[in-house]
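Dear colleague,

Please find below the structure that I am handing over to you. My notes on it follow directly after.

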There are 2 protein chains.
Amino acid sequence: MIDIALFDEHRLALEGLSGLLSGVSDFRVVLNCDDRNVLTEKLKSIQVHVLILNMHDISVRNLNLIVQLTISSPKLKILIISVIDSEEIVLKTIKAGAKGFLGKDSDRNSLLEAVYTLRNGHDYYSKSITHLLLNRYISSLKADELSQNSDINNLSSRQVEILKLWGESYTNQEIADKFFISVRTVESHKNHIMQKLNLKSTVDMVKFAIKNNIIEI
Amino acid sequence: MIDIALFDEHRLALEGLSGLLSGVSDFRVVLNCDDRNVLTEKLKSIQVHVLILNMHDISVRNLNLIVQLTISSPKLKILIISVIDSEEIVLKTIKAGAKGFLGKDSDRNSLLEAVYTLRNGHDYYSKSITHLLLNRYISSLKADELSQNSDINNLSSRQVEILKLWGESYTNQEIADKFFISVRTVESHKNHIMQKLNLKSTVDMVKFAIKNNIIEI
DNA sequence: ATTGCATTTACGTGTTTCACGTAAGGGAAG
DNA sequence: CTTCCCTTACGTGAAACACGTAAATGCAAT
């Protein structure tokens, strides 16, 4: 029997999540909670194996919640569910102490699998996440093969900075002024970005930036 | 019997939501969807009474989805579920054409109530939302509902053609060759588009084209 | 039928960005 | 110390952009 606590600020989502788990005989949902403070209070008295945190946004507040719970309940396994599943976010939650992460591509089976896996003392990350986490490791080994994959991880931070501003309709000159570098340098950065990502036009670069959440539509 | 379509980018949440509705005998969930494009496609063929959209973020893209569906399926009642329920956000979705909004304080009963209410031709907003909004304010917003998305309609078909090709990374020269016109003419068209839509850069033009489904990401 | 207006077409001029090189200096890794 | 990548920067020619001007067309209203 696995004792589970559920947290979701959104009551509807909380109930939905609760429903997904209630059918499983091995599971016992001992706590449904939509209030951060109530959660931390309750977890001091009752002991659960797995805490499922549905995070609608990954704010410092939410990350802190993970950190706090990790400290106060070292044996508690925290599973994050979030529709926001960029590499940065996943890494932050892991760093904060989460043992599992389910992105938006996850379904009920992934959830059940994740709970079992965490209960058994292992980490669980959904497919897209694993792929994401492995990518930078693999890319360091097989840089040539993967250089064709238009992956944001291959961009340097400077290149992302430039791309971000340019995606907000800054002109090269404005970007140059902002960073105190030459316009030619800005052009160079953009050239390198296009080469690296194998993009054939600036239009493609905009699309790439949008796809990779570098800029907002 | 009320036919319902469900959309949620997050599969887990989608399944949870589906579970919350499945127990009700009056309801028939005919479509579960986690892909924006699939949704619009499917809704062209099957007819549902209520579409429930769970929005994890209220982006222009999401708002535009509402607008598009409102235009293509005028009889469809759209119910928004979102953990983000600030006044501004709610107003935007209503403006876009949504007939109901459930904020984070809503539970399963609110959901069922909302679906019934929408099916009966009325609007539904959860408690916290209702007291936020003045009725006359809502109705004044609805008046200009149709004039809001007139931007795209102001473009001539030629302008849209050009924008479409350019959005597919065609160069001006290629577009000119395709239409047997001068490169300068292509430039003129683009200039006119930018003037007409009050865009200040080509990056903005890409974004506009994406927002208005002229080009695909 | 003529007026009026937006559209489509096109060009001129000057600025900006793109595409493709080259290359120096810095820092991290081996 | 060497190697490799990143950052910085420049050169050149082509392409695209910004801002005008302007003629021919098409269409709707009077």
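Which residues are the closest to DNA strand D? They are S156(A), R158(A), R184(A), K190(B) and M194(B), and they belong to a set of 21 residues that surround the strand; a residue is near a strand if one of its heavy atoms lies within 4 Å of it.

Before going further, please note that this is a predicted model, in which local features need pLDDT of at least 70 and side-chain atom pairs count only at pLDDT 80 or more, while totals for chains, interfaces and linings use all residues. Residues are numbered from 1 along each chain as its sequence is written, chains are lettered from A and ligands numbered from 1 in the order in which they are written, and side-chain values use heavy atoms, with hydrogens and water left out.

The DNA strand

Of the atoms of DNA strand D within 4 Å of the protein, 58% belong to sugar or phosphate, and the rest belong to bases. Two residues of chain A approach phosphate oxygens of this strand: S182(A) with a backbone N or O atom at 2.7 Å, and H189(A) with a polar side-chain atom at 2.8 Å. A base nitrogen of strand D, in turn, lies 2.9 Å from a side-chain N or O atom of S188(A).

The elements that give two or more residues to this surface are α8 and α10 (183–197) of chain A, together with α10 (172–179) and α11 (183–197) of chain B (helices are DSSP runs of H or I with at least four residues, strands are runs of E with at least two, and both are numbered from the N terminus). The largest share, 6 residues, comes from α10(A). By residue type, the surface near strand D divides into 3 nonpolar, 12 polar and 6 charged residues (Ala, Val, Leu, Ile, Met, Phe, Trp, Tyr, Cys and Pro count as nonpolar, Asp, Glu, Lys and Arg as charged, and the others, Gly among them, as polar).

The two protein chains

Chain A gives 34 residues to the contact (heavy atoms within 4.5 Å) and chain B gives 36 residues. About 3100 Å² is buried between them, of which carbon and sulfur atoms give 66%; buried area is the accessible area (1.4 Å probe) that two parts lose on being put together, summed over both. H10(A), L12(A) and I217(A) supply 23% of the area that chain A buries against chain B, more than any other three residues.

With kind regards

Conventions. A polar contact is a pair of N or O atoms within 3.5 Å; within protein, one must be able to donate a hydrogen and the other to accept it, and residues adjacent in sequence count only if both atoms are side-chain atoms.
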